[in-house]
Amino acid sequence: MAILRWGIIGCGNVAEHKGGPPLYTVDGSELIAVMRRDREKAVAFAEKHGAKRVYTDVDKLLADDEINAVYIATHPYLHCEQTIRAAQAGKHILCEKPMAMTVEECQRMVDVCDKAGVILMLAYYRNHYPNIVKMKALMDEGVIGEVVLARINCTGFYNPNRPDLKNWRINPEMSGGGVLMDIGSHRISLLEYLMGDIESVRGFAETVHQDIPVDDSAVFTLRFENGSHAVANINWNVGIGIDNVEVYGTTGSLTCSPLNSGNLTLMTKSDGQVEMNQTPLPYTHTGLVEDFVNHIKTGEPIRCSGESGLQTNAIISQIYTDNS
């Protein structure tokens with residue numbers, strides 16, 4: 001019997017290819033209903049993914065007593081309001097990233113969920129990739145000695161005029177920012193998972209190349225409470241796609257490239273180069289849903305909590321503030 005019985009708010013591209021399928025393919029999880037304002041598209045999604053019911057109104061979905069959890073897959077400017085409404089309806093929540101438009105909105109989301117007694121998880125799915133989980137385990141085991149530095153390099157070319165995009169990512173009133181909010185948030189959350197709590201940040205988030213009203217390039221450094229450092233480059237202007245994370249210790253290093261389907265390489269003084277590749281997840285959000293189900297079953301802490309999502313937004317806000 002399913003422990004989590006889901007409703008989806010916003011069954012668009014992300015729900016179609018990333019977040020939707022794990023809701024009904026993970027043990028202990030079942031997709032009950034979907035909501036989209038365009039009823040025809042909602043019906044098509046429901047038929048493809050096996051949802052029982054279709055709604056075109058958020059409150060009607062939230063009133064469905066069979067549903068005990070919702071996946072919020074809408075644009076960032078809607079996350080705070082919809083999370084609050086879902087929490088007040090007594091539903092657990094998996095919310096897409098970035099968490100919200102401001103740190104203040106994130107705090108409201110955390111507070112309302114705490115008051116309602118529901119779980120809030122953020123969809124920072126890369127923290128659950130098998131290569132990353134293995135990397136974290138090796139770090140914790142001391143395989144590369146004392147960890148002192150991490151490096152993130154994430155590049156690609158974002159074409160805002162692609163006909164299949166609605167350009168919400170470059171509308172600051174809908175997205176809250178550019179490349180730093182969109183994919184930078186993922187990498188900040190990832191670094192926090194690997195390296196620990198962040199103490200301070202310095203960086204730039206600017207429009208370097210493209211004629212858009214949001215940042216297309218972000219570079220920053222982090223200092224963690226344990227004294228280690230990280231450097232990161234997040235960029236929408238590079239014609240070659242790179243998605244690397246590297247961690248360096250006093251006796252070796254770990255490199256993952258790309259994060260979900262590429263190589264995990266261990267380098268040590270004693271053993272040289274060792275490949276430790278893990279099997280990729282079937283869907284990007286599979287690990288998130290598995291973690292959510294496990295939390296409901298066992299009470300073990302979730303990896304991408306509302307509190308950690310709030311901290312990610314706080315780091316982003318600091319970088320934007322330093323550049324204002």
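Let's start where two helices meet: Ile 132, Val 133, Met 135, Lys 136 and Met 139 in α7 are in contact with Leu 190, Tyr 193, Leu 194 and Met 195 in α9. By class, that contact splits into 8 nonpolar residues, 1 charged and no polar ones. Helix α7 covers residues 130-140 and helix α9 covers residues 179-195. Their axes are 9 Å apart, and the packing angle is about 30°. Please keep in mind, everyone, that this is a predicted model.

Now to the sheets. Picture an open sheet of 6 strands, ordered β3-β2-β1-β4-β5-β6, with parallel pairing. Which strands stand at the edges? They are β3, residues 53-55, and β6, residues 120-122. Each has a single partner strand, so one side of each has no neighbour in the sheet. On average, and ignoring direction, neighbouring strands here are turned by 25° against each other.

If you would like to zoom in on one pairing, take strand β2, residues 29-35, which runs parallel to β3 over 3 bridges. Met 35 has Tyr 55 in β3 as its bridge partner. There is also a helix to look at on this sheet: α5, residues 76-88, lies across β1, β4 (69-72), β5 (92-95) and β6. The direction of α5 is at about 160° to β5.

The other sheet to show you is also open, with 8 strands in the order β8-β9-β10-β7-β11-β12-β13-β14 and mixed pairing. Its edge strands are β8 (198-206) and β14 (272-275), each pairing on one side only. Here the average turn between neighbouring strands is 15°, again with direction ignored. Helix α11, residues 306-322, packs on this sheet and touches β8 and β9 (217-224). Its direction makes about 50° with that of β8.

Within that sheet, strand β11 (residues 237-249) and strand β12 (residues 252-257) are antiparallel partners over 4 bridges. Val 247 is found opposite Leu 254 in β12.

On to the rings, for those of you who like aromatics. How many aromatic pairs does the structure hold? The count is 3. One of them joins Trp 6 and Phe 292, edge-to-face, with 5.6 Å from centre to centre and 85° between the planes. Trp 6 sits in strand β1 (residues 4-9) and Phe 292 in helix α10 (residues 286-298), so this pair ties together parts 286 residues apart in sequence. Are these two rings' residues buried or exposed? Trp 6 is buried at 0% relative accessible area, and Phe 292 is buried as well, at 0%.

Another pair is Tyr 125 with Tyr 129: the ring centres are 5.9 Å apart and the planes are at 50°, so this pair counts as tilted. Tyr 125 is buried with a relative accessible area of 4%, and Tyr 129 is buried at 6%.

Last, the cysteines. Searching the whole structure turns up 0 disulfides. Why does Cys 11 have no bond? The closest cysteine sulfur, in Cys 95, is 16 Å from the sulfur of Cys 11, which is too far. For scale, the cut-off for a disulfide is sulfur atoms within 2.5 Å. The sulfur of Cys 106 has its closest cysteine sulfur in Cys 80, at 7.9 Å, and that is also too far for a bond. As for exposure, Cys 11 is buried at 2% relative accessibility, and Cys 106 is buried at 0%.

Thanks for listening, and I'm happy to rotate the model for anyone who wants another look.

Methods:
Residues numbered from 1 in each chain as written. Predicted model: local features only at pLDDT ≥ 70, side-chain atom pairs only at ≥ 80, totals over all residues. Heavy atoms only, no water. Buried < 20%, exposed > 50% of the residue type's maximum accessible area, 1.4 Å probe, protein only. Axes fitted to C-alpha atoms, helices over the stretch in contact; angles between N-to-C directions. Contact = heavy atoms within 4.5 Å. Nonpolar A, V, L, I, M, F, W, Y, C, P; charged D, E, K, R; others polar. Pairing = 2+ DSSP bridges. Phe/Tyr/Trp six-rings, centres within 6.5 Å; stacked < 30°, edge-to-face > 60°.
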